[in-house]
Structures are given as C-alpha cells and as structure tokens.
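Me: Could you take one strand of this model and describe it closely, with its partners and the residues that touch it? Please then widen the view to the packing elsewhere, and give the cut-offs for the terms as you go.

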Amino acid sequence: MSWRKSHFARAPREDQLDSELRLHIEGLTAENIAAGMSPEEARRQAMLAFGGREQIKEDLRDVYRIGILETTLANLRSAFRFFRKSPSFSLAIVFTLALGIGANSAVFSAIDAILLRPLPFPNGDQLMQLEETYPQIAMPSTFVAPVRLEEWNRMNSTFQAISGYYVENGSETSGALPERITRAWVAPRFLQVWGISPALGRDFSSAESSFGGPLAILISDRLWRRRFGADPNAIGRTLRVDGASFPIIGILPASFFFADRDVDVWAVVPANAPYTQNRAATWYAAIGRLKPGVTLNDARANLAAVQSQLGAAYPETDARLAVGILPLKEITVSGSRKSLWILYGAVSVLLLIACTNIVTLLLARASRRQQEIAVRFSLGAPRFALVAQLVTEVFVLALAGAVLGLFFAKAASGIFRALAADLPRVDEIHLDSRIVLYSLFSSVVVTLLCGIIPTLRGTRRNLAASLSHNSRTQVSGRHFLQWLLVGVQVALAVTLLAGAGLLFRSFQALGRVSPGFDSSHILTFHLSASWAETADPKVLSKRIAHTVDSLAALPGVESVATAGNLPGVPAKFQTEVQLPDAPFDPTQKIVTESRFVSPTYFATMRILLFEGEPCREGSGSTFQAVVNRTFANTYLPSSPAVGHHVLLAGDLFKMGASPITAIVGDARETGINHQPVPTIYFCSSAPVPDPNYLVRTRAEPMAMAETIRRHLHEIEPARSAFNFLSLDDHLSNAFAENRLRTILLAFFASTAIALAGVGLYGTLSYSVTTRRREVALRLALGADRNRIVQHFLLRALSVCAAGCVAGFLLAIASSRLLATMLYGVSPSDATTFAAVFAAVLIFAILASLAPAIRAAQVEPMQVLREE
Amino acid sequence: MPIEKSDLLQGTLDMLILKIVALGPIHGYGISLRIRQISREVLQVQQGSLYPALHRLEKRGWLAADWGESESGRQAKFYKLSVKGRKHLLSEESNWRRLSGAVGQILQTAE
C-alpha cells in the first residue's frame, strides 16, 4: 500500500471505539448479573475479564498503522512511556551517549573549523601561497623578490592579484617608553588579495603605494583599542615607528589577523622604489587570489610559463628558479591534520565502545520484553512495525544523548581551545548549526548501530514464541553475542590504550635524549630591528656584536650568543653545498642543514669542539664555517675536514667559499626528536636583523630577564626587547601539540577502558542473574562455591584476554598512523603491550569479581523453590 | 479446558469471525458470545485479540461496518460480510476442510 493512500485510511474516532468496547463490557456485566453476582461485582469482573481497554486501543494501532506521522507519534509516545517505566536504564544510556556524542562533536567541531572550512576570507579557497623554488638543487624554497612579485602579478593570467608581506619587530616611540610593535610590510594590492576592506578608514591609495608618495599606515583593531581607546578620530593621527612618522589611514577588522596574530600595523612598500629592484633580495611571503574557476594546476602551469619567460630575460638570477604554489589553507593547517584525525579516530572508537555497551544493555532488556513482543506478534503486528517501534525507542534515547552531548561538547571545546591554543585557526572553533547537525547525524548513526541488532534479535518470531512460554524454566543460553560485544569493547579500548601508551613512552624517551647541547640555564629573547639594516651588513653585525659583548659582561651572565634558529626547536633549512677541493663524486648531492650562529654559540650551548679552532665572526658577506661530526663523517670521511672549503650550491647568496675551521659534536638542532643530520654552521651573528639571543645565566634564567631588559634599554634606548623565555620552555612548547595529543589520547583511552569495564560488569551480572537456577542446581548437586566464582571469573577473563589479543593486532595494524609521532619505541613495543595487558587484566578482575562472587552466594533451596 | 487464542492456529480466528458475521450483521460482543456458544465454551476469544482482528478485517475490506441500535437500545457497531469477504471465507473454508481432512486421514492411518 502506498504511503499516500494509507494516510487516508484513518483510524476510527476515539469515541466510536469507546462505545464499541463499552457495549462489550455491558454485555459481560449483564452475563455476570444473570449468573447471580451483585451489579458492582459483576461490573468489576467484567472489566477484569475484558482486560485493559487502553491496551486494546493500543493494539488497534497495529491495525491502523502506516500513516507515517501517526505511527511515528505513536511510537514516540510508547517510547516515552517506556522511559517512565525504567528511568535508570534510560538515563544510563542517555548519559553514556551524551559523553560519546559530546566528545565526538567537540573534536569534530575542531576538525570542521580547522581542516574543513575555507579560510575566513571571502572565497578563502582562492587564496594561494607562492614561493620561489629551486627544482634542480636541494634548496628550501625562499621568499619572493619584490620586483619578481610585480612581474608575476603583471604577466600571469590566472590570478586576480598577487601580493606579499613580511613581518618585523619595530619600536613605536611616540609614547614615553619605546613600545614593541609588530609591523607587516606589504606589497601593493594586499587587502585586495584578502578580499577585505578596513573596518574604518580606507586602503592605501596609489600615491601612497608609489615611491616618494606620502607615508601611510593601517593599524590593527587591537592596537586601536589599546592605544586610542577605540576612538574613531584615531584616523589621521600618527604613529612613530623606528624613527618615521606614519599617519593612520585605516583600522582593519578585528577578525583579520594575517600574517599572524601579533601584527599591529601594516605599511606598504612601493613597488617602484629603487631598493626593491634587486632580483636577489627575496623578502616577501607571497599570496595570490585565483580567478574564479581557475584550478591549482592551471595556475601552476601559467606561473611556470611566466617564470620561464623571466628566466630567458634574466638568465643569471632567474634561469634556475621555479614557482611553487600551494593553497594557503594547506600551509596553515597541514601540520595539525594528522593529530586531529587521530583524535577524531580515538573519539569515534570511544563512541563505538559506548554503542557496543548500549547494545549489550538493550539485548539484556530485549530478552525481558519478549513476552510483550510475542503478544504483539500474535495480534498480527507486522515485524516491521515492531522493529520501527523498538528503533524509535533507541532513537529517542540517542537524540536525548545528542542534545545533552552538545552541552558536553560546548564545555569540551572550551577546554580544547584552552589546551590547544597553539593550533592554527583555533579561535575559529565554534559550536554552530553545522555541529548541531553533525550531532543529530551521529545520533542517527548511533541509533542504527545500537538499535538494529537487539531489535532484529528481539523480534525473531520463533524465538519470541518459544521464549514467551519458557523463559523462566529454560537453562538460559550462553549469551554468545553479549560476550562477543564485550570482547569487541575490550579490543577497541586496548587499541586506544596501546596508542596512548606508545605516545607516552615516546615522551619518556624524549626526556632521556641527550641532545648534544645543554638547554638548561639559557634565556632567549629578541631585540626589535628593521630589515632596512641589512643594507649595511657590517654596521649590523657590529651592532649585534656590541650587544652580545655588553650583555656578556653583566654579572650573573656566563656567555651570550645569537642564532638564526633556536637549537632543538623543530625547524629545517636544508641546503645543497659543494666541497670544491674535496675528491668527491660531482654527481652526488651534498645536502646539509645550515645554521647561522655567532662564534660564541658553541661555548654558550656547550657543544663539544672536536677538532680545529672556533670560528671568527665573518666580515662582509664571507663567513667561516664549522661542521658537525656527522657532516665530516658523511661527506669527508677520508680527509681531515678542517681546512676544506664549502660553497653553497650555485653560490646563490654570493657568499663565496667558506673555510671550515672546526668540527663540533652532533647536536639535535632540528628537533630533540630528530637524529642529528649533517650540519654546517656559518659564523655570523647577524644573518637577520633580529636573531635569537641566547644568554647562559648562572641562576634561574627568567630571574635575569628584568636585569637584561633594563640593561638593553640603556645601551639600545630606541629598541624594545621581547619574548623573554627560557630555552627549556621553548623546547617544551615545541612539543605542546605532541603533549596535548598524548594527554587527550590517554584520557580517551582511560574512558574507553572504563566503559569496557562497565560493559563487562553488566554482561557478567546479567549472565549471573539469568543463570541463577543453573548455579543453584549445581550447588544443590554439591558443586564447590569457589569453583562457581572461578567459572564466572574465567569466562570474563578469557573474553578480555581474547579482546586484548584482538586489540593488539588492531593496534599493530593501525600503528602506521602513529609511526611518525613515535620516538624511540617501536609500534609493537613489548613493554607497552605488557603494561596494557596487565592494566586490562586488573581492570577486568575488578569489574567481574563482584558479580562472580554474587553468583556463588546463591542459596540453592531458595532459588529452586521460587520457580 | 477452554482453548485460548494463543493456541489457535494463525488465521483461524479470522475465519471464525468471518463465518459468524456471514450469518447476519452482528456487533463485537455478539461475535464473542456466538463463538463461545457454538463451540460450547471450548473456544474463548480474548477481547484483546477480537477487536484488533475485527478492525483488521474491516480494513482489508472483508468486513463492512454500520452503526445501528443494539438489543439494549445503545448505539453499536454492526459488522457484515462484504462480497470480497464472502469470497475469502469460501476459499478459507475449503482450505480448512482440505487441511483438517488431511490431518484426520493421517491420524486415522497412523492408529
């Protein structure tokens, strides 16, 4: 019958039914009176014989069902009636699901905000990052020269606009004390590429974007509030940054935080300025906005053609260059992708365990409801109708769980945001309609997962018929399905536990690593500086050397160094070099990590000197070099390394050949969790205007921060010092995501094992209850009570052990996911697995001891008499 | 000992109802009385089964229903057999005869 037609096959009106049934009762009453009863008694007996009037009406539903709305409403009514009858059962399910769905939705909200949504700009998926790359030599891609950026922008046909920016720390000096200010220098068309306009004021004019035009600056919403109290008249006022006055022309929206969250002001670099014409001066992180409908591959092909034209026009600087294009979103979030999906996997497994748990509960309940189901069957209810009703019950529970779960998710995502402040886009995590929809969707999935098996089993006709009569006397089955589900729960929980254990062991292993340098008692900071200073490298390195020497003379300071990168904080700068005077196969590439450090770096970081003399500060653009032992052993195994020269492949920066003055010990420069790689240190304190300063202090490093800050103010009054942090804290922050992942996974795993424990307890209790008679019989026949306890314990433990084995197999199978996050442990680490096994066993004994003991305390005579 | 509905063969109740309604328009209480009387109290039909069955048969179009006055002067729902129902009853009856005949045959032969 079609749904539409059935909608008109309406049930008889309530009052018609009533009068039909009333007539029947009156007839029965009359019979009873005729048999000699008093009228009241006759009526009472008639009602009794008639049975529940409401029940009959209820049953009539099966006859008139199929109207989809009515059926659903009726199913809902019966579901609510059921919950009223067994509130604790329902609450247990709702609460379990709320936790499961809540945790799942919280992690999904993070995935949605960080990985799935486009960047928060109009048509954010059109935004691309562009880089200069060197396809033929192993060189990291570099920033883009302003002149080349303009050419790309002019000559391409796939981008609406290409712009760029770089960030430096300056000092704003219109107040009483210099204030550190983070300034982004941007190429023309910057706001056009982002597709935004200032919240107040205007964008740069074309006059301001050309050389010799008026100065202008855009400021952040934050600076506007901090400095000007959100006064709209701030437009037109001036800021004094590094000695120049900039009139404020606009305030950017609060939600705009590119290039990064710290940028306070944006100033434009004229494209036609003489200092932007050097083809080798690469400054900009370039961003572009694709034209609508253009694909990434189109853009790549187009820019490759543009660059090959430039290569022909400027063979010396451009022939070896290529253009790398990647979606900006990819660059922003790709580092967190794996962690997030792993967490999502973990919470999904958790939800699966919760579902499995609920299936067990429902199965137990279904067997208690078989009487009811048998009656409905014999009344001619189609199986579909019964299935629909039971599934509706589960769905209502799942829905309640999802709604409650949303509250959990709200709390959880608050915690997540606080814990994961370093994740990209973390402020974009919100619980909105998408997350609500997701939760609803989860509740539907949960309903299907949890509802189908118990429902189909519960409504098997033959089972229903047979058990409706015999459930009390039969020796019950062995509950194979329930135990299987317990095993599944244990297996899933073990998988999570093993994962968490491996991450935890990696963390321990990291703590034991000897990094090759001494990170304790090192204070790090930055001193504001402008990239304009690189115009005269001699003055710059003199200035920095002066700061270093002056700090080193402070009491409490042992030594001071500078470095382009902090040691041990993950960062890579892989370069290709040549060893011109070594007997070396010219076809083999020499790829090495390269670092720029001051000559005092090795002493300050306590990196061992094996051979040679410490290097001296380079002069001009030529530097001395120091190599680590791995470099010497790998690339110069047969001849003494000291005395050789190294040359950057192609001499890209016109540095010339650097003499190697020393071999030092291997230090884990690229990250504590990375084996030392061949490394070259070029001795220059000033590769960039604001390198990291590293101060070895005698006492607790942060205690020296104030002294150093005051001293710097004396010797460099126009500069601001900032980001004071100990190196140990930097190293610990570098593993913050790692730690968060470990903590969360451990949390999920312990929740999982707790849920599995509850499942085990529930199933064993149920098994004990239904087998009371059997146990009583055995006891009556002289069985030992200890044997009974043993029997039940053994059953529970063997299921858990099987679950453990399955879990370990699962863990090993999925260890590929974790492999890159592990350090110093193998994915099938025996210690971890043994610990997990022991933990699960203890947990299993705790969960099953009480029901097993209860089983043995059965009083045989009492139980046997009950039947 | 009275035989209760749950022991009746599936579909038997429907046939009994159709048969009784075939004798003339009758209300629900009348049907249950009639089944008891004719079967000499051997068959007890629970009201919980009777009414769902009646409504189901009506919905299938085998029974038609009218509201009329009962013997006691109350409004009552009278069921009567439709043409479709009569056909169905005939085929059910012949099925039943064949079946019970066959079963009887087996019981006799096996004695």
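Reply:
**One strand and its surroundings**

A:Val591, in strand 15 of chain A, has A:Glu576 standing opposite it. This is a predicted model, in which local features need pLDDT of at least 70 and side-chain atom pairs count only at pLDDT 80 or more, while totals for chains, interfaces and linings use all residues. Residues are numbered from 1 along each chain as its sequence is written, chains are lettered from A and ligands numbered from 1 in the order in which they are written, and side-chain values use heavy atoms, with hydrogens and water left out.

The pairing of A:Glu576 and A:Val591 belongs to a wider arrangement, since strand 14 (residues 574–578) of chain A runs antiparallel to strand 15 over 4 bridges; here two strands pair if DSSP finds at least two bridges between them, and strands (E, at least two residues) and helices (H or I, at least four) are DSSP runs numbered from the N terminus. Strand 15 of chain A also pairs with strand 20 (residues 679–683) of chain A, in this case in the parallel sense and over 5 bridges, and within that pairing A:Glu593 has A:Thr679 of strand 20 as its bridge partner. Strand 15 spans residues 590–597 and is largely enclosed by the rest of the structure, because 6 of its 8 residues are buried, where buried means under 20% relative accessible area, exposed over 50% and partly exposed in between, with a 1.4 Å probe and protein chains only.

A:Val591 is also approached from a helix. The side chain of A:Tyr635 reaches the backbone oxygen of A:Val591 at 2.9 Å, a polar contact in the sense of N or O atoms within 3.5 Å, where within protein one must be able to donate a hydrogen and the other to accept it, and residues adjacent in sequence count only if both atoms are side-chain atoms. A:Tyr635 has its place in helix 20 (residues 629–635) of chain A, and it counts as buried because its relative accessibility is 9%. Although A:Tyr635 and A:Val591 are 44 residues apart along the chain, their C-alpha atoms are separated by 9.5 Å.

Another buried residue of chain A, with a charged name, can be read in a similar way. A:Arg543 lies in helix 18 (residues 537–552) and counts as buried at 11% relative accessibility. Leaving out residues up to four places away in sequence, A:Arg543 touches A:Leu527, A:Ala529, A:Glu533, A:Pro689, A:Tyr693, A:Glu716 and A:Arg719, with contact taken as heavy atoms within 4.5 Å.

Turning to nonpolar packing, the largest nonpolar core has 76 residues, and those with the most contacts inside it are A:Leu340, A:Phe416, A:Phe748, A:Leu760, A:Phe792 and A:Val840; such a core is a set of buried Ala, Val, Leu, Ile, Met, Phe, Trp, Tyr and Cys residues joined through side-chain atoms within 4.5 Å. Among the helices of chain A that each supply at least two residues of this core are helix 12 (328–368), helix 17 (480–512) and helix 27 (830–856). A:Val840 is in contact with A:Val490, A:Val494, A:Leu497, A:Ile753 and A:Cys804, leaving aside its neighbours within four places in sequence. A second, separate core of 35 residues includes A:Phe159, A:Ile162, A:Phe246 and A:Ile325.

Aromatic rings add a further set of links. Over all chains, a search of the whole structure finds 25 aromatic pairs, a pair being rings of Phe, Tyr and Trp (its six-membered ring) with centres within 6.5 Å, counted as stacked when the planes are under 30 degrees apart, edge-to-face when over 60 and tilted for the rest. A:Tyr166 and A:Trp283 are edge-to-face, because their centres are 5.6 Å apart and their planes lie at 70°. This pair ties together parts that are 117 residues apart in sequence, because A:Tyr166 lies in strand 3 (residues 159–172) of chain A and A:Trp283 in the loop between strand 9 (265–268) and strand 10 (285–290). A:Tyr166 is buried at 13% relative accessible area, whereas A:Trp283 is partly exposed at 21%. A:Phe747 and A:Phe748 form a tilted pair, 5.8 Å centre to centre with 55° between the planes; A:Phe747 counts as exposed at 51% relative accessibility, but A:Phe748 counts as buried at 6%.
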